[in-house]
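Me: Can you walk me through this one? I'd like the overall layout, then the details.

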Amino acid sequence: MKIHRQPSPNFNVRPADAAVDTVILHYTGMETAEAALARLTDPKAEVSAHYLIDEDGRIVQMVEEEHRAWHAGVSIWQGRENLNHTSVGIELVNPGHEFGYRAFPDAQIEALLALLAGIRERHKIPVSRYLGHSDIAPHRKADPGELFPWGRLAREGFGLWSDVEGSDTRPLPDEAVTGEALVKLNKQLGIVGYHMEDKDSFGAAAQSIVRAFQAHWRPETVSGLYDYGTAAILRDIACQSEQTGESL
Ligand SMILES: [Zn+2]
């Protein structure tokens, strides 16, 4: 696997006690790979990632893994904030939802899988800690989005996945998002890793978290509605998260 280098000045040191244990995946959300690379290496932009993978599988490293790249922004997962401290950030070239979102080509995903195998080896990343930007910043971000092949990654041991049938998009009755049922829903989302600011009602903030969950684990329908299929898959992923013993 050949890795090209185009160093970015946009990095700093990781905190002394911060061990790398998470991989955050992004899409570039720009019209071309060149535009994305220019921005990720521009000191004025103050953003970066460790790697960028073009649609043809070309890998470019911008920041050394031992350093802290600037890709996650305000973020939280499993109660831990500022994921830049402890993660490796990978940008996948894709125009994103704004400029013509499209499938990630095989060559790009194969390069990603090869890169991830090395990262896992170097840092002992737990199986549950391969995440999307939208997972750790669900109110601001939608990348890498519902076309990203999370199931394929999970088959290689990168991330959790559910084989539970989840195609039923009928919304659950109101009782499912109030009272005791809402407490349970919040608990399950929390076990998976999402941060619920408002635990008292199923409002816009909760819907953006459900949307992030769907984009990752029930990508066929990303609505933000808490429906039967989403509930079934959430139950399974929360259960798996507990069993891995890596949450909370
Ligand atoms: Zn991102």
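Reply: What follows goes from the whole chain to its domains, its cores and one loop residue.
Reply: This is a predicted model, where local features need pLDDT of at least 70, side-chain atom pairs count only at pLDDT 80 or more, and totals for chains, interfaces and linings use all residues. Residues are numbered from 1 along each chain as its sequence is written.

Me: What does the secondary structure come to?
Reply: Eight helices and ten strands. These are DSSP runs numbered from the N terminus: helices are H or I of at least four residues, strands are E of at least two.

Me: What radius of gyration does the chain have?
Reply: 18 Å, which agrees with the value near 18 Å for a compact globule of 248 residues. The radius is taken over C-alpha atoms, and the globule rule is 2.2 Å times the number of residues to the power 0.38. The C-alpha box is roughly 55 × 40 × 35 Å along the principal axes.

Me: Now the domains. Where are they?
Reply: Domain 1 is 3-155 and domain 2 is 174-244. The bounds come from an automatic or database domain assignment. Their C-alpha centres lie 24 Å apart.

Me: How many residues of each are in contact with the other domain?
Reply: 15 from domain 1 and 13 from domain 2. Contact means C-beta atoms, placed from the backbone, within 7 Å. On the domain 1 side, strand 7 (76-77) and helix 4 (133-136) each give two or more residues. That side has seven nonpolar, six polar and two charged residues. Here Ala, Val, Leu, Ile, Met, Phe, Trp, Tyr, Cys and Pro count as nonpolar, Asp, Glu, Lys and Arg as charged, and the others, Gly among them, as polar.

Me: Different topic. Which residues have the most contacts inside the largest nonpolar core?
Reply: V23, A49, L52, I53, I90 and L92, in a core of 37 residues. Such a core is a set of buried Ala, Val, Leu, Ile, Met, Phe, Trp, Tyr and Cys residues joined through C-beta atoms within 7 Å. Elements giving it two or more residues include strand 3 (22-27) and helix 3 (106-123). A second, separate core of 21 residues includes Y194 and V210.

Me: And P138, where is that?
Reply: In the loop between helix 4 and helix 5 (150-155).

Me: Why does P138 count as buried?
Reply: Because P138 has 26 C-beta neighbours inside 10 Å. The cut-offs within 10 Å are 20 or more other C-beta atoms for buried, 12 or fewer for exposed, and partly exposed in between. Beyond four places in sequence, P138 is in contact with Y194, S208, I209 and A212.

Notes. Contact = placed C-beta atoms within 7 Å.
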